[in-house]
Amino acid sequence: MAFADCSTSAPTRTFLFSRLRPRRGLPSIPPHLLRGLPVAGFRLPSLRITNSPSSFPKGNAFLRNKQGFRHFRPFTVLASVSASEAAISTEASAMVIDGKSIAKEIRHEITTEISRMKDEIGVIPGLAVILVGDRKDSTTYVRNKKKACESVGIKSYEVCLPEDSTEEEVLKFISGFNDDPEVHGILVQLPLPSHMNEQNILNAVSIEKDVDGFHPLNIGRLAMRGREPLFVPCTPKGCIELLHRCNIDIKGKQAVVIGRSNIVGMPAALLLLREDATVSIVHSRTKNPEEVTSQADIIIAAVGQPNMVRGSWIKPGAVIIDVGINPVEDATSPRGYRLVGDVCYEEACKIASAVTPVPGGVGPMTIAMLLSNTLSSAKRMHNFQ
Ligand SMILES: Nc1nc2c(c(=O)[nH]1)N[C@@H](CN(C=O)c1ccc(C(=O)N[C@@H](CCC(=O)O)C(=O)O)cc1)CN2
């Protein structure tokens, strides 16, 4: 458990001007909606301000695009007046990318597709999840995956094995699921106990059912131009999906990925490259990481270090995707800890143009992408468009 808190140590550079500058590449609000706002030329990264639905908390601005309501906080508005007449606080700045509500929207789309498939060809997608050991976090993730499957209409198959199981036992279950026509996706929850060879286990999953996208053939195809992986790892795929759904351009942008893990950093860098970004990877041996990140238009932080990315690491107006989920001690929380990202959120909010929160940013997208991969797998196996 870490004690890091970004409100206490390193210096903060605040770029007040960056909050009020027009943001390049983003659509502007129609001028009539800007009437009454004290800042001429201020642009927001979505289509229009609407009246806040009563279910949303007060004090935020709500933007609506063609996918429905999104809860963003580009600036603080007084909820008692209409958005176009609202007063702007100079405190807040970045758009908060609400991964929880975007993931919900995606789950809704998946539910519709699954019921269409069931109606038209009578197939129900199936996902098998193998959990070894009783790590608290892994147990929670597996439980959440099962619940998410139920909510969209995917049939889930769960195998929970004790910590001291052998690699052979795990391989036997994988082999059974590889041969089972009702199973369209297989996932082995990571990390595995240290006595197991992760490589042997991930290699055993059929590439047609590798909904985690961790099989070397899928990763290899992801890395090659002109080749298509059958599946892309869920967390990096979720990061890119967030950028797409928030209309954030990637092509031609300077993107920096912090961390080079097989499950997030490396595939995230490959995906950004496929989107025509110019990509750098910062890792534990990078000299002056701050120098590299402060050139970036887009940062994906996936390093597992609480609050490592400070305000001074961020270029004004950059987009920040925070993959870190780090528990830090917090005596005021009922659990005794709270979750923070790899990025100092409060500082990032003052400098960036858009930021994912932790929790509620990338995390929920990981599970949404798993459901999406499972649906794609079932569609491919049954040749269903
Ligand atoms: N086989 C895999 N193992 C692991 C993966 C993976 O994609 N495949 N990723 C992570 C864990 N993970 C899914 O397995 C995962 C992590 C976090 C979340 C999430 O929704 N987080 C919430 C916070 C949850 C909390 O309160 O504890 C959030 O960020 O809002 C979902 C899935 C490692 N293993």
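# Exercises on a predicted protein model

The secondary structure of this protein comes to 12 helices and 14 strands, and the model is a predicted one. Of its 385 residues, 43% are buried, and among contacts between residues at least 6 apart in sequence, 63% join residues at least 24 apart.

## Exercise 1: two annotated spans

Find the residues that UniProt lists for the two domain annotations, and describe the secondary structure of each span.

Solution. The record, an unreviewed entry, gives residues 97-212 as "domain: Tetrahydrofolate dehydrogenase/cyclohydrolase catalytic". In the model this span is 52% helix and 16% strand, and its end C-alpha atoms lie 24 Å apart. The UniProt annotation "domain: Tetrahydrofolate dehydrogenase/cyclohydrolase NAD(P)-binding", likewise from an unreviewed entry, covers residues 233-380. Here the chain is 36% helix and 19% strand, with 17 Å between the end C-alpha atoms.

## Exercise 2: two helix pairs

Classify the crossing of α3 with α4 and that of α8 with α12, and list the residues in each contact.

Solution. Two packed helices are described by the angle between their axes and the distance between the axes. For helix α3 (residues 99-121) and helix α4 (residues 136-152), the axes come within 8 Å and cross at roughly 55°, which makes α3 oblique to α4. The contact is formed by R107, I110, T111 and I114 of α3 together with A148, S151 and V152 of α4; by class these are 4 nonpolar, 2 polar and 1 charged.

For α8 and α12, the axes come within 8 Å and cross at roughly 105°. An angle of 65 to 115 degrees counts as roughly perpendicular, and α8 and α12 are therefore roughly perpendicular to each other. From α8, the residues C234, T235, K237, G238, C239, E241 and L242 meet V362, M365, T366, A368, M369, L370 and N373 of α12. This contact has 8 nonpolar, 4 polar and 2 charged residues.

## Exercise 3: the surroundings of K237

Decide whether K237 is buried or exposed, and name the residues that it touches beyond its sequence neighbours.

Solution. K237 has its place in helix α8 (residues 234-245). A residue is buried if 20 or more other C-beta atoms lie within 10 Å of its own; K237 has 22 and is therefore buried. Not counting residues up to four places away in sequence, K237 touches V232 and M369. K237 and L271, 34 residues apart in sequence, are 7.7 Å apart from C-alpha to C-alpha.

## Exercise 4: the shell around the ligand

Identify the residues that come nearest to the ligand and the element that supplies the largest share of the shell.

Solution. There are 19 residues around the ligand, of which Y141, L190, P359, G363 and T366 come nearest. Two or more residues each are given to the shell by α4, β7 (185-188), α8 and α12 (362-381), and the largest share, 4 residues, comes from α12. By class, the shell divides into 12 nonpolar, 6 polar and 1 charged.

## Exercise 5: backbone geometry in loops

Locate the cis peptide bonds between L190 and P191 and between V358 and P359, and then examine the positive phi values of N247 and D276.

Solution. The bond joining L190 and P191 is cis, with omega about 0°, and P191 lies in the loop between β7 and α6 (198-204). The bond joining V358 and P359 is cis with omega about -5°, and P359 is found in the loop between β14 (354-355) and α12.

N247, a residue other than glycine, has a positive phi near 55° and lies in the loop between α8 and β8 (254-258). D276 is not a glycine either, and its phi is about 70°; D276 sits in the loop between α9 (265-274) and β9 (278-282). N247 counts as partly exposed because it has 13 C-beta neighbours inside 10 Å, and D276 is partly exposed with 13 other C-beta atoms within 10 Å.

Notes
Residues numbered from 1 in each chain as written. Predicted model: local features only at pLDDT ≥ 70, side-chain atom pairs only at ≥ 80, totals over all residues. Buried ≥ 20, exposed ≤ 12 C-beta atoms within 10 Å, placed from the backbone. Contact = placed C-beta atoms within 7 Å. UniProt positions renumbered as here; feature names shortened; annotations may be inferred. Axes fitted to C-alpha atoms, helices over the stretch in contact; angles between N-to-C directions. Parallel < 35°, antiparallel > 145°, perpendicular 65-115°, else oblique. Nonpolar A, V, L, I, M, F, W, Y, C, P; charged D, E, K, R; others polar. Near = placed C-beta within 6 Å.
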